[in-house]
Every structure is written in structure tokens, then in C-alpha cells.
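Work through the following exercises with the sequence and the coordinates open. Each task is followed by its solution.

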Amino acid sequence: MTKKQKILTFIFIVIGAAAMIFFGMRAIRSVMRMRGAGPFGKPPPADQTDIALIRDWMTVPYVARMYNVPPDALFKSLGLADRENRKKSLKELNDEFYPDQSGVILAHVQAAVQSMQKQEPPPHFPATPRP
Amino acid sequence: MSDFLLTQVINYGAPLIGLILLLGALGLPIGASVVVIAAGAFSQQGFIDWLHASALGLAGAVIGDTLSYAIGYFAKDWIHHRFGASPAWISARDSFNKQGGLAVFFTRWLVTAIAIPTNLIAGGSGYKYSRFILYDIAGEVTWIILYGGLGYAFGSQWEIVSEFLGNFGGLILGVAIFGFGVSQLIKRQKQNTV
């Protein structure tokens with residue numbers, strides 16, 4: 001075994017062992033999280049109610065379908081037109097209408113969905129979106 | 001990148017899934033596995049049709065794999081000219097011709113990080129395309145059923161599955177690298193004692 005081969009073999013063993021430890025620990029943590037979710041958790045409710053699952057890559061129609069609320073009411077509560085905004089993500093809407101305030105649209109959509117599911121009127125949106 | 005693609009998958013559905021898996025199979029780091037898991041969840045939520053998504057996704061992945069195999073195949077002469085006499089290349093080519101099918105199958109869904117090099121080696125080593133495509137389709141079908149099925153089963157909580165599969169893939173890759181290193185060490189020590 002030449003010196004170069006020895007070094008290469010050593011590098012393989014060290015990188016492999018480091019990857020095993022790093023990803024193994026993370027995989028165990030993921031398994032712990034999976035235990036109480038999906039088919040291993042409680043049967044899901046007919047309508048999704050956990051608003052923490054709303055992400056800023058989602059669109060308004062997607063959120064409306066996921067939480068079984070009317071999409072037009074959700075757009076109305078945001079003060080936005082449906083047709084030109086239905087393919088935009090919550091992040092894109094935020095960047096377009098509130099470029100200096102991150103997470104405004106997401107927070108409002110979460111609050112509006114929660115109110116609509118409780119059959120309450122959605123909260124008033126504090127600011128007027130800029131075109 | 002993944003977030004942008006997820007939004008577009010919601011908007012454009014199965015045809016975009018096919019395109020993403022094609023680009024992923026060509027080596028673009030666009031998180032194709034995340035898209036497959038999410039597609040399973042989106043079909044469970046009724047946002048996309050699972051049959052169309054699976055069919056177009058499979059077609060995209062297989063076309064992409066074929067193209068990357070072709071890159072290796074057409075670079076065969078250059079590889080032969082450059083490495084043809086190298087014992088390492090001859091040994092790698094021979095072992096790929098013996099056990100390449102399993103490598104193709106498992107790199108489609110278990111150790112996806114090395115799928116592209118596997119395609120290039122398959123094409124460059126003269127591994128028969130008819131055998132490559134057979135194992136490729138079997139592996140891609142396993143990938144779509146397993147990853148998409150888990151996304152479907154976990155529904156809106158699919159991100160937990162994505163996190164687990166990403167870490168599990170890293171763990172398997174680590175085991176493979178470690179195993180390779182140890183096997184090389186044993187082989188060399190045996191050679192030294194003979």
C-alpha cells in the first residue's frame with residue numbers, strides 16, 4: 001500500500017464515519033418527530049386546524065383548500081384581488097405589497113383562517129396593500 | 001429553490017413534476033426528492049392527480065437518466081483514451097459490468113446523491129442500455145411509490161418525512177463511503193501479507 005493510497009483510504013473512512021454520526025443523529029431526531037405524526041399519530045381531523053402548518057411558499061387558494069375556507073373570503077380579508085394574485089405565494093405577495101415588513105401576509109392568513117374556522121369574521125387587515 | 005418549485009407545482013401540477021424530475025436526473029440540484037414527497041401530499045389533499053403526477057414524473061426521471069447515460073456513452077472514447085490503461089478504471093468498469101444493475105437500482109431511491117456519476121459510469125463503461133433502463137425504471141418506480149407514498153400518508157405533515165429521508169440518505173451514503181474505505185484497507189493489507 002503506497003502512502004497516497006493510505007491517505008485516501010484514511011480520508012474515506014473518516015468522511016464516512018463523520019457522515020454516519022452526523023446524519024445518524026439527525027435521522028434519529030426525525031424518527032422521534034415522525035412518531036406522533038401522519039399515520040403514526042392521531043387520525044387527522046376532517047378539516048385541518050393547525051395553522052402552524054401554513055408556509056410562505058403556499059398560495060392563497062392552496063391554504064383555502066387545505067383549511068376548507070372560501071378562497072375569495074381569504075383574498076377579501078387580505079384586501080387583494082383574486083384573479084391576479086392566485087398563483088403567487090404568500091412570500092411573493094408579502095414582497096410585493098409589504099417589502100419592508102416580513103411575514104405580514106403569512107401572519108394575517110393564519111389569523112384569518114383561524115377566525116373563519118371558528119365562524120367568526122376575519123380580523124381587519126391593519127394596512128392597505130400598496131399596488 | 002425548493003420553495004419556489006413547490007409554489008409552481010401547486011400552480012402547474014403534473015407536467016411541472018415531470019420537468020423537475022427530468023432536470024433533477026440531469027444533475028440540477030433542485031430537490032427532486034422533496035418535490036416527489038410533496039407531490040404525494042398534494043395528491044392526498046386533492047390538489048393534483050396522483051396517476052398523472054406519477055406517470056409524468058416517471059417519464060421525466062427516466063428521460064433524464066437516459067440523457068445522462070448518453071453523455072457517458074458518447075464520452076466513452078475520450079474516457080478510454082484518457083483512463084483506458086489505468087488499472088483503477090479497468091477494475092471499476094469490470095465491477096460495474098458485474099454488479100452495475102444493483103448500483104443503478106439503489107442509486108435511484110436509496111443513495112440518490114450518487115445517481116448522476118452512476119449514470120455517467122454506466123454509459124462510459126459500455127454497460128448495456130437495455131439492462132440499464134430495466135434497473136433504472138425499477139428504481140425510479142420504487143422512488144416514486146416510496147417517497148410519494150410517504151408524502152401521501154403524512155399529508156400536510158409531509159415536511160417531517162422529507163427531513164427524515166434526507167438524513168437517512170446521508171446516513172446510507174456515509175455507510176457506503178465508510179464501507180468502501182474499510183474494504184480498501186482490508187484488500188491492501190491482504191495484498192501486503194501475500
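**Exercise 1.** At roughly what angle do the axes of helix α1 of chain A and helix α9 of chain B cross, and within what distance do they come? Decide how the two helices are oriented to each other.

*Solution.* The model is predicted.
- Step 1: take α1(A) as residues 3-34 and α9(B) as residues 158-193.
- Step 2: the two axes come within 7 Å and cross at roughly 155 degrees.
- Step 3: angles over 145 degrees count as roughly antiparallel, and α1(A) and α9(B) are therefore roughly antiparallel to each other.
- Step 4: the handedness of the crossing is left-handed.
- Step 5: sorted by class, the residues in this helix-helix contact are 21 nonpolar, 10 polar and four charged.

**Exercise 2.** How many residues does α1(A) have, and how far does α1(A) reach from its first C-alpha to its last? Then list its buried residues and find what they pack against.

*Solution.*
- Step 1: α1(A) has 32 residues.
- Step 2: from first to last C-alpha the helix reaches 46 Å, close to the 46 Å expected at 1.5 Å a residue.
- Step 3: the buried residues in α1(A) are Thr9(A), Phe12(A), Gly16(A), Phe23(A), Ala27(A) and Ser30(A).
- Step 4: to read the spacing in that list, recall that an α-helix has 3.6 residues a turn, so residues three or four places apart point the same way.
- Step 5: the partner of these buried residues is α9 of chain B, against which they pack.

**Exercise 3.** How many residues of chain A are in contact with chain B? Break down the chain A side by element and by class.

*Solution.*
- Step 1: 31 residues of chain A are in contact with 31 residues of chain B.
- Step 2: on the chain A side, the elements giving two or more residues are α1 and α2 (60-66).
- Step 3: α1(A) supplies the largest share, 17 residues.
- Step 4: by class, this side of chain A has 18 nonpolar, nine polar and four charged residues.

**Exercise 4.** How many helices and how many strands does chain B have? Add its dimensions, its burial and the range of its contacts.

*Solution.*
- Step 1: chain B has nine helices and zero strands, so written along the sequence its pattern is α-α-α-α-α-α-α-α-α.
- Step 2: along the principal axes, the C-alpha atoms of chain B fill a box of roughly 65 × 35 × 25 Å.
- Step 3: of the 194 residues in chain B, 45% are buried.
- Step 4: take the contacts in chain B between residues at least 6 apart in sequence; 80% of them join residues at least 24 apart.

Technical notes:
Residues numbered from 1 in each chain as written. Chains lettered and ligands numbered in written order. Predicted model: local features only at pLDDT ≥ 70, side-chain atom pairs only at ≥ 80, totals over all residues. Axes fitted to C-alpha atoms, helices over the stretch in contact; angles between N-to-C directions. Helix = DSSP H or I, 4+ residues; strand = E, 2+ residues; numbered from the N terminus. Parallel < 35°, antiparallel > 145°, perpendicular 65-115°, else oblique. Left-handed = near helix turned anticlockwise from the far one by under 90°. Nonpolar A, V, L, I, M, F, W, Y, C, P; charged D, E, K, R; others polar. Contact = placed C-beta atoms within 7 Å. Buried ≥ 20, exposed ≤ 12 C-beta atoms within 10 Å, placed from the backbone. Expected span 1.5 Å × (residues − 1).
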